[in-house]
Amino acid sequence: MKERHLGRSGLLVSRLGLGTMTWGQDTEPDEAAAQLVAFAESGGTLVDTADVYSDGDSERILGALLREVVDRDSLVVATKAAIRPNGRYDGSRRHLLRALDASLDRMDLDHVDLWQLHVYDPATPLEETLSALDEAVASGRTRYVGVSNYAGWQVSKAAAWQRAWPGRAPIVSAQLEYSLLSRDIEREVVPAALDAGAGLLPFSPLGRGVLTGKYRTGIPAGSRAAAPRFADFVQPYLDEECARIVESVVTAAEGLGVSPLSVALAWVRDRPGVAAPIVGARTAAQLEAILDSEDLTLPNEIRSALDDVSDMSPAHQ
């Protein structure tokens, strides 16, 4: 798998990242191990988790696999903090540094490679939140820092504050939802990230699974949309406008002799500013299908056609 620099930093990451949100909930440890092995053997390096995924079990499983299955030094380990277990946002210095220590304990690591602010907390002064990033880097608990789910002005403000004084840790990444069905970040976040030198880490690059084409004729049993706790997550992308975009992806895939998944993933992977889409899978078989997209580069005419057909898609939240 090819590598890219994360923004304007010196950190190299694989141009696909492995998401672990389902680990410990829908994905059992043995299946997670199979995923991580397949990902590493394909040349993947960036593995993304968070302290709140599966109440910390995602980090615990990842930590165990780093000790027993895959060499920790071969991976770029990324995690996040700023959401309490009860769902409340907390960007205070106290909470963030305690959360980072807890993450390190769960993974049995002395540091992570990338630590990200999971959300923007409007109740805490931004300079206090960012001071936790500086402390984390200065103490060696993380090598790089980034943000997630930040609006364009929040990315710009955070990056400018960090650049304003020597010794502050630069913002090197911004993680947000981005796909052919969700392009609203192109208005403000993408320009802000490009200006700040932060690499984009898109999550849900397959439109919450809809861009694979599996919902074209209904909701299959066993799919996320069929599960009550995920139904509301997928439903916004099952309207007529999104269906029109999915059909265009399917048509492109048929013409290229590849899967719709590969077309959708290659489109977002090669957008300006993107370092690595974060892809998640419940099973190793699903992940293998995702990894098969690595060699696909979309022809310019197909890329342009997909740009056009998805340009007026509604901004889903």
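**Exercise 1. Work out how the radius of gyration of the protein chain sits against the value for a compact globule.**

Start with the chain length: there are 317 residues, and a compact globule of that length would have a radius of gyration near 20 Å. Now look at the chain itself, a predicted model, which comes out at 19 Å, so the two agree. For the outline, take the principal axes: the C-alpha atoms fill a box of roughly 50 × 40 × 35 Å. As for what's inside, the chain has eleven helices and ten strands.

**Exercise 2. Find what share of the residues is buried, and what share of contacts joins residues at least 24 apart.**

Burial comes first: 56% of the 317 residues are buried. Next, keep just the contacts between residues at least 6 apart in sequence; 78% of these join residues at least 24 apart. Then turn to the surface, where the chain exposes about 13,300 Å², with carbon and sulfur atoms supplying 50% of that.

**Exercise 3. Place His95 in the fold and decide whether it is buried or exposed.**

Step one, the address: His95 belongs to helix α3, residues 93-107. Step two, the cover: its relative accessible area is 10%, and buried means under 20%, so His95 is buried. Step three, the company it keeps: leaving out residues up to four places away in sequence, His95 touches Ala82, Ile83, Arg84 and Asp90.

**Exercise 4. Explain which parts of the chain the Glu294–Arg15 salt bridge ties together.**

First the pair: the closest N and O atoms of Glu294 and Arg15 are 3.1 Å apart. Glu294 sits in the loop between α10 (284-291) and α11 (300-310), while Arg15 sits in the loop between β2 (12-14) and β3 (17-19), so the bridge links parts that are 279 residues apart in sequence. Now check burial: Glu294 is buried at 11% relative accessible area, and Arg15 is buried too, at 7%.

**Exercise 5. Look at Arg244 and Glu241: how many residues apart are they in helix α8?**

Begin with the contact: these two form a salt bridge, with 2.3 Å between the closest N and O atoms. Both belong to helix α8 (residues 240-256) and they are three residues apart, which means about one helical turn separates them. Arg244 is partly exposed at 36%, and so is Glu241 at 24%. Elsewhere, salt bridges with shared partners join Arg4, Arg15, Arg269, Asp270, Glu294 and Arg303 into one network. To round off the tally, the count comes to 21 salt bridges.

How values were computed: Residues are numbered from 1 along each chain as its sequence is written. This is a predicted model: local features need pLDDT of at least 70, side-chain atom pairs count only at pLDDT 80 or more; totals for chains, interfaces and linings use all residues. Side-chain values use heavy atoms; hydrogens and water are left out. Helices (H or I, at least four residues) and strands (E, at least two) are DSSP runs, numbered from the N terminus. Buried means under 20% relative accessible area, exposed over 50%, partly exposed in between (1.4 Å probe, protein chains only). Contact means heavy atoms within 4.5 Å. The radius of gyration is taken over C-alpha atoms; the globule rule is 2.2 Å times the number of residues to the power 0.38. Accessible areas come from the Shrake-Rupley method with a 1.4 Å probe; for residues, only the protein chains shown count as cover. A salt bridge is a side-chain nitrogen of Lys or Arg within 4 Å of a carboxyl oxygen of Asp or Glu.
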